[in-house]
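Hi there,

Here is the structure I promised to pass on to you. Have a look at it first, and then read on for what turned up.

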Amino acid sequence: MAKNLPVFTLKHFLVRSSVIAGCGSQEEAHVSKKKHLSISLPSLDTTTSTGIEAEAEVEDGGERIINLDQHIVTGLQLTFDISFCHIIVNLFFHMAYFVDFSPTKPSVYSNLERSPRCMLVLSTRHNGGDPTMYEKYWQQVGDKTTIVIPGWQSLSYFSDVSNLCWFLEPEFAKEVIRLHKVVGNAITENRHIVVGTGSTQLFQAALYALSAQDASEPISVVSAAPYYSSYPSITDCLKSGLFKWAGDAQRFDKDGPYIELVTSPNNPDGFVRQSVVNRSGGILVHDLAYYWPQYTSISFPADHDLMLFTVSKSTGHAGMRIGWALVKDTEVAKKMTKFIELNTIGVSKDSQLRAAKVLKVVSDSCEPSSSEIECFFAFNHQQMDMRWKQLRVAVKESGLFSVPDFPPQFCTFLGRAFEPQPAFAWLKCEEDINDCEGFLRDKKILTRSGKHFGFSPKYVRISILDRDEIFNLFIHRLSKIIS
């Protein structure tokens, strides 16, 4: 690791970083003076003693752009002293490379050839799968989802004091009900809507609400493997005395009450799920984040006691941090609301209002009378269909991998049968490859091992929801790994 770090003093400095999968599209520094700017960086590669030099190569409107591209970075810290503040940029990637994925470039493969060892990340740090594939649709929609929130609006903690969930924005609740009616994927009648900061907070709220406050021991929380890899850590992160992770539901044989998490379609393997524990005292929580027609057939409206949804996977707006629960039992809904009150004193009104606008545009686009924009679900169903076809061709060409086969089912929303096309690929390494994650890492593809999902390390989970440039590069690389 280099000890002498470069320090720059500039009056006007702007850093734009678009780091993609351990590779960056650009690191740009805009300087207000027309002068050649050269940065000499000490070598960070232990195998070489030569320095790395990045020079200002492009002039843009009187400004110089420092383009850091195609260089090995194992641990780089740039400190910029900017008159009244410091910007610290820490990049810690193991053998990562900067590659220009600018949309103005003719082909991502030219970048592949220029930096063939660039690390491609297909598993995000937060383990959610960044749904940037949806950018294409929302860019076409333009300003239809734009909202203006005056400075005087949303000052109060309260949204609707007459509602059990008092921080639920009425407009958001209305659009949630409408969207489920348009798609036909969930029953909303005689249900309470509880809004949360993403479905993760709602999951925690559900555990709190469903646990007995006076129990002699924590209630067991289980899910059938392969299960969502964050379930164990979210359940046990606070070491609560109310609930405790108990592992694979298929192996659970303990007497007494339990909470079973049913994710359907399942993350990571994409299969439709039912509860598997056949014992008395069980309480079910249905995570239906992926029960939308771009991923799977809508066979019937889900009708469960507690159902979780999120805008992250329904519309692609992960950064909005909004989810909702449809809850049948009033007392459970009250306790979930209480948890969120204690945890965050409600949920951002601004995010709810923006989410309401997005959901409205989605519903509008899918109404029979709509002609201005293509139906959101039809458009993204086509995107997913194309990606899964590409993936299956690449897997076949390689001969070293396999992905699940799914039986086609009739979709009441799209009016036809099709095979599920999950948000994640549950990829298996065949032959004698026992560590699929490590094998693909050697091929410069970062994934998430099956062991994190309570399953075999011969499997990995790969996101299908990245931008076209990243997905196409992944398909290209995977098809070149020949048995």
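Let me start with a pair of charged side chains: Asp 405 and Arg 392 form a salt bridge, with their closest N and O atoms 3.2 Å apart. Asp 405 sits in the loop between strand 19 (401-402) and strand 20 (409-411), while Arg 392 belongs to helix 9, so the bridge ties together parts that are 13 residues apart in sequence. Asp 405 counts as exposed, because its relative accessibility is 62%. Arg 392, at 25%, counts as partly exposed. Please keep in mind throughout that this is a predicted model.

**The chain as a whole**

The chain has 483 residues, and 53% of them are buried. Its secondary structure comes to 11 helices and 25 strands. Of the contacts with a separation of 6 or more, 70% are between residues 24 or more positions apart. The accessible surface is about 22600 Å², and carbon and sulfur atoms account for 51% of that.

**More salt bridges**

How many salt bridges does the structure hold? There are 18. One of them joins Glu 372 to Lys 144, where the closest N and O atoms are 4.0 Å apart. Glu 372 is in the loop between helix 8 and helix 9 (376-398), and Lys 144 is in the loop between helix 2 (135-141) and helix 3 (170-183), so this pair ties together parts that are 228 residues apart in sequence. Glu 372 is exposed, with a relative accessible area of 68%, whereas Lys 144 is partly exposed at 33%.

Another bridge stays inside one helix. Lys 174 and Glu 171 meet at 3.4 Å, N to O, and both lie in helix 3, 3 residues apart, or about one turn of the helix. An α-helix has 3.6 residues a turn, so residues three or four places apart point the same way. Both partners are partly exposed: Lys 174 has a relative accessible area of 48%, and Glu 171 has 34%.

There is also a network of salt bridges, which links Glu 175, Arg 178, Lys 360, Asp 364 and Glu 367.

**Helix 3**

Helix 3 deserves a paragraph of its own. Its 14 residues should span 20 Å at 1.5 Å a residue, and its end C-alpha atoms are indeed 20 Å apart. The buried residues of helix 3 are Phe 172, Ala 173, Glu 175, Val 176, Leu 179, His 180 and Val 183. Seen down the axis, they fall within an arc of 165 degrees, so they line one face of the helix. Their cover includes strand 12, strand 17, strand 18, helix 8 and helix 9. Glu 175 thus appears among the buried residues of helix 3 and also in the salt-bridge network. Just after the helix, Gly 184 takes a positive phi of about 75 degrees.

**Helix 7 and strand 18**

Which residues of helix 7 are buried? They are Val 332, Ala 333, Met 336, Thr 337, Phe 339 and Ile 340. These residues cover an arc of only 155 degrees around the axis, which puts them on the same side of helix 7. They pack against strand 12 (192-196), helix 4 (198-210), strand 17 (306-310) and strand 18 (323-327). The helix has 15 residues and reaches 21 Å from its first C-alpha to its last, close to the 21 Å expected.

Val 327 gives a good view of this region from strand 18, where it is placed. Val 327 counts as buried, because its relative accessibility is 1%. Leaving aside neighbours within four places in sequence, Val 327 is in contact with Arg 191, His 192, Val 194, Asp 305, Leu 306, Val 332, Ala 333 and Met 336. Its C-alpha atom is 8.7 Å from that of Asn 190, although the two residues are 137 apart along the chain.

**A nonpolar patch**

Finally, a word on the surface. Tyr 157, Phe 158, Val 161 and Ile 345 form a nonpolar patch there, with about 460 Å² of accessible area together. Ile 345 is in the loop between helix 7 (330-344) and helix 8 (349-366), and counts as partly exposed at 45% relative accessibility.

Happy browsing, and all the best!

Notes: Residues numbered from 1 in each chain as written. Predicted model: local features only at pLDDT ≥ 70, side-chain atom pairs only at ≥ 80, totals over all residues. Heavy atoms only, no water. Helix = DSSP H or I, 4+ residues; strand = E, 2+ residues; numbered from the N terminus. Buried < 20%, exposed > 50% of the residue type's maximum accessible area, 1.4 Å probe, protein only. Contact = heavy atoms within 4.5 Å. Areas by Shrake-Rupley, 256 points an atom, 1.4 Å probe, with all protein chains shown as cover. Patch = residues over 30% accessible without salt bridge, like charges linked within 9 Å, V, L, I, M, F, W, Y side chains within 5 Å. Expected span 1.5 Å × (residues − 1). Arc of directions from axis to C-beta.
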